[in-house]
Amino acid sequence: MPLSEGLSAAEAGARSARDGPNVLPQAARNGPLKRFLLQFHNVLLYVLLGAGAITLLVGHELDAAVIFGVVLINATIGFMQEGKAERALDAIRELLSPRAQVLRDAHRQEIDACELVVGDVVFLSPGDKVPADLRLVDARGLCVDEAVLTGESLAVEKSTEPVAADASIGDRLAMAYCGTLVSAGQGTGVVVATGAQTEIGRISALISAVEVLSTPLLRQMAGFSAMLTWVILAVAVAAFAFGTLVQGQAPGEMFLVAVGLAVAAIPEGLPAVMTITLAIGVQRMARRSAIIRRLPAVEALGSVTVICSDKTGTLTRNEMTVQRVISADGVLEVSGGGYVPEGVFRSAERELEPAATPLLLALGRVCVLCNDAELTLEDKGWVLLGDPTEGALLSLALKAGVDPLRQRAQMVRDDVIPFEAEHRIMATLHHDAHGDAHIMLKGAPERVLALCTRCMGLDGGERELDAEHWQQAISAAAAQGMRLLAVAERCAGSGLAALSVDEVNEGGFVLLAVLGITDPPRAEAVRAVERCLGAGIRVKMITGDHVATARAIGQQIGLAAEVKALTGAEIETMSDAGLRSVVLETEIFARASPQHKLRLVEALQAEGEVVAMTGDGVNDAPALKRADVGVAMGCKGTEAAKEAAEMVLADDNFASVAAAVEEGRTVYDNLKKAVVYILPTSIGQAGIVSAALLLGVTMPITPAQILWVNMITAVTLALALAFEAAEPDIMQRRPRDPREPLLTRFLMWRTVFVGALLVAGGMGLFLWELEHGASIPVARSVAVNAVLIGEVFYLFNMRSLTGSVLKPAGFLGNRYVLWAIGVLLVCQAAFTYLPVLQTLFGSAAISPAAWLRILGFGVALLLLVEAEKAFVRRNIEPSRNGGA
Ligand code: ATP
């Protein structure tokens with residue numbers, strides 16, 4: 001196989017079948033049995049199991065069986081939900097599978113890294129994650145960060161020279177190892193090992209551990225539940241002492257009461273519901289093109305106050321077209337849109353014949369030679385592979401009648417200085433048929449103009465460069481939002497074999513033209529910016545483009561009525577304090593490089609902002625890591641940026657960042673709803689038990705019945721809230737203060753309020769039944785159904801924390817709610833009427849009249865909570881900072 005052709009597709013297929021896919025062995029996960037047993041590993045369940053054991057010892061076998069049964073069912077449900085959440089996250093991780101640039105069948109192409117086989121020729125660029133172990137055959141300034149493998153954080157400069165056979169990994173300079181990151185330069189290598197055979201594959205301990213399904217908030221809630229459990233235990237012990245010592249009740253009976261109290265008050269279902277809410281949120285974000293890499297980002301997204309976004313491709317469409325050619329002899333307009341190479345050149349309404357215009361031919365030649373993109377005509381139209389800016393230049397060259405293939409054959413490329421955001425130029429070295437060297441240069445106008453002394457007229461003649469003429473034309477194009485790129489050329493005589501930055505910086509170039517490239521804003525980004533501003537989130541544009549271009553685009557996108565801009569050079573002259581004082585009020589940072597991004601994030605955070613920052617290049621990694629939510633581009637982003645980011649955008653679109661913020665807020669809302677939904681059940685039931693104890697009446701609900709209620713609500717009703725869609729005003733609220741606790745004072749009030757209503761309903765109806773001659777099992781069944789039906793109505797209330805639900809959509813809007821209620825009603829019918837369950841739970845059939853009373857209670861609860869919401873909306877909410 002010649003290195004210039006790579007493997008054939010057939011050979012690659014055969015090798016892949018022989019060696020298997022290029023994937024690293026998965027880190028070992030807990031087996032199903034261990035994961036199931038881990039479900040019991042929490043204080044709550046220890047308490048329940050202990051209570052079950054003692055219940056058994058004191059001779060209540062049936063109650064004990066029910067307690068054990070419910071604990072088992074709870075654990076099974078937790079196990080299944082956790083499995084579902086993990087599968088959801090696994091599926092999302094698969095969306096992030098890395099890609100590799102390879103040479104196959106003599107064509108450069110991009111494939112999934114898992115398809116690589118031994119012998120493949122792979123190209124490396126800055127920001128790439130090396131996809132397999134490679135023997136380098138070409139390395140130009142190639143630096144690789146091998147920290148994952150060697151622990152050495154300084155990047156290593158690679159070469160192709162052989163090294164001693166016994167050299168250690170860190171010294172094998174001719175190798176690039178799987179999993180390491182290219183930090184600079186270019187390289188080509190041949191795959192020598194894939195998958196488990198690679199160095200990193202062999203050191204399985206190094207493979208990143210599976211992420212735990214948790215976030216700071218969930219951990220905080222888990223801590224809260226654990227603390228609650230101990231408090232409840234203390235209360236239960238106190239109740240036991242009170243009953244036996246003060247009221248003189250039998251210890252056996254009192255023990256059951258104490259167990260009932262503990263079981264009632266401990267919110268068993270809460271952790272599972274919170275985990276599933278989070279997983280559903282992550283899935284929803286993925287559906288809206290925002291792929292979460294680290295779960296805590298979901299929470300941070302909900303409280304983002306500033307989004308710093310790249311311009312090109314994120315706020316704009318990244319469909320570049322050269323519409324203006326600024327030449328020494330005036331401005332030419334170019335017709336045609338997109339990459340389709342059909343269009344004409346006009347100067348003052350006069351059409352120019354490119355073949356008869358030497359400048360256009362020379363310009364077209366530099367455009368195709370100083371260019372790494374490919375533009376091909378396929379069935380679906382013109383398809384671009386590579387950088388859109390370069391695609392626009394290829395299209396321009398084709399419009400000028402310049403054939404890229406012929407040019408590249410006639411003027412062979414010897415060397416290249418690739419484009420990098422820091423120095424904003426690209427240069428290539430070619431030699432022609434006579435052996436003369438030519439340097440082709442393109443880049444940001446101020447950089448290129450500084451290297452030019454002369455310029456070319458339309459007729460091909462050279463003359464002195466009139467800086468003022470160029471500046472004026474450049475400013476005019478930038479003010480219209482055009483992206484600007486200057487193109488120049490220099491003959492370097494014979495003998496020049498390699499290109500260095502110093503060589504280019506010597507200057508002496510002939511300026512051919514400055515190109516005005518349009519890149520229209522994305523319509524959806526404009527809408528998303530508006531939504532963000534409405535949601536109290538500032539949007540800042542950070543771009544490598546010219547300040548005037550950025551300003552015009554910023555205005556078109558609606559960043560502010562009057563946009564303020566700073567340039568990278570200005571940032572450089574500012575102290576940290578100086579930057580902090582202006583950073584909030586400035587919308588645009590132009591000609592900014594990745595280092596400036598880091599300073600901006602730091603300045604914003606110092607001002608107390610929660611920052612989301614987008615990025616794509618290898619040098620953006622520090623800023624992405626530093627931001628509260630680092631956002632990497634999924635399409636044009638490098639692997640280095642993705643590794644550093646918390647979230648990856650599948651479509652590189654700003655609208656997806658805004659969508660993720662919206663989903664982040666929704667997840668937080670739904671977590672709150674789940675908590676404020678589950679806690680009142682606990683409080684209500686504990687209240688009923690305590691009230692009965694204090695009043696000295698029979699227990700209205702037995703421990704087994706309490707467990708039943710908790711289990712049924714956790715798997716049906718509370719889970720339905722995890723699927724709740726965003727509230728309509730979600731993007732009209734101010735961002736949430738990250739220091740705000742999940743349970744605000746208002747939510748605590750709501751918990752206690754509804755808990756009290758449940759106590760009143762359950763206890764009231766129980767006593768009413770007893771008063772009217774019902775048996776204890778019947779009265780208890782009424783009490784249990786009252787609590788559950790109360791919960792059903794409260795579920796409708798909780799579809800919005802403070803908004804009214806008294807409208808058709810309030811009741812019918814979430815089909816999971818309806819499903820959950822359907823399941824609950826079937827369960828309750830079984831509980832009330834099925835003989836087996838009657839024996840197990842001590843329940844009994846109840847009359848239609850009793851059902852009507854229960855229903856009446858449910859409706860009353862619904863209306864009371866709605867009345868409370870209306871009061872809050874009218875009197876408290878306007879002064880509160882954002883939502884509930
Ligand atoms: P961002 O994506 O951060 O909004 P950007 O992509 O517009 O910004 P860069 O890609 O850093 O910014 O480009 C900055 C400038 O560099 C451009 O205005 C252009 O003049 C020049 N430039 C862009 N691409 C190339 C290229 N492939 N070759 C040479 N010069 C380029």
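How many bridges join strand 10, residues 321-327, to strand 22? I will come back to that after a word on the model, which is a predicted one in which local features need pLDDT of at least 70 and side-chain atom pairs count only at pLDDT 80 or more, while totals for chains, interfaces and linings use all residues. Residues are numbered from 1 along each chain as its sequence is written, and side-chain values use heavy atoms, with hydrogens and water left out.

Let me begin with the whole chain. The protein chain contains 31 helices and 28 strands, where helices (H or I, at least four residues) and strands (E, at least two) are DSSP runs numbered from the N terminus. Along its principal axes the C-alpha trace spans about 110 × 65 × 55 Å. Of the 884 residues, 55% count as buried, that is, under 20% relative accessible area with a 1.4 Å probe, protein chains only.

Now to strand 22, residues 509-518, which is mostly covered, since 10 of its 10 residues are buried. The answer to my opening question is that 5 bridges join strand 10 to strand 22, and the two run antiparallel; within that pair, isoleucine 326 has valine 514 of strand 22 as its bridge partner. Strand 21, residues 483-493, also runs antiparallel to strand 22, with 7 bridges between them, and there leucine 485 stands opposite leucine 515. Strand 19, residues 452-456, by contrast runs parallel to strand 22 and is joined to it by 3 bridges, with arginine 454 opposite valine 510. Two strands are taken to pair if DSSP finds at least two bridges between them.

Let me turn to a sheet elsewhere in the list. Here 8 strands form an open sheet of mixed pairing, in the order 8-28-27-26-9-23-25-24. Strand 8 (290-292) and strand 24 (565-567) each have a single partner strand and stand at the edges, so one side of each is left without a neighbour in the sheet. On average, neighbouring strands of this sheet are turned by 20° against each other, direction ignored. Inside the sheet, strand 23 (residues 538-542) and strand 25 (residues 588-590) run parallel and are joined by 2 bridges, and the bridge partner of methionine 541 in strand 25 is isoleucine 588. Helix 18, residues 547-557, packs on the sheet and touches strand 23, strand 24 and strand 25, its direction making about 155° with that of strand 25; contact here means heavy atoms within 4.5 Å, and axes are lines fitted to C-alpha atoms, for helices over the stretch in contact, with angles from 0 to 180 degrees between N-to-C directions.

Notes:
Buried < 20%, exposed > 50% of the residue type's maximum accessible area, 1.4 Å probe, protein only.
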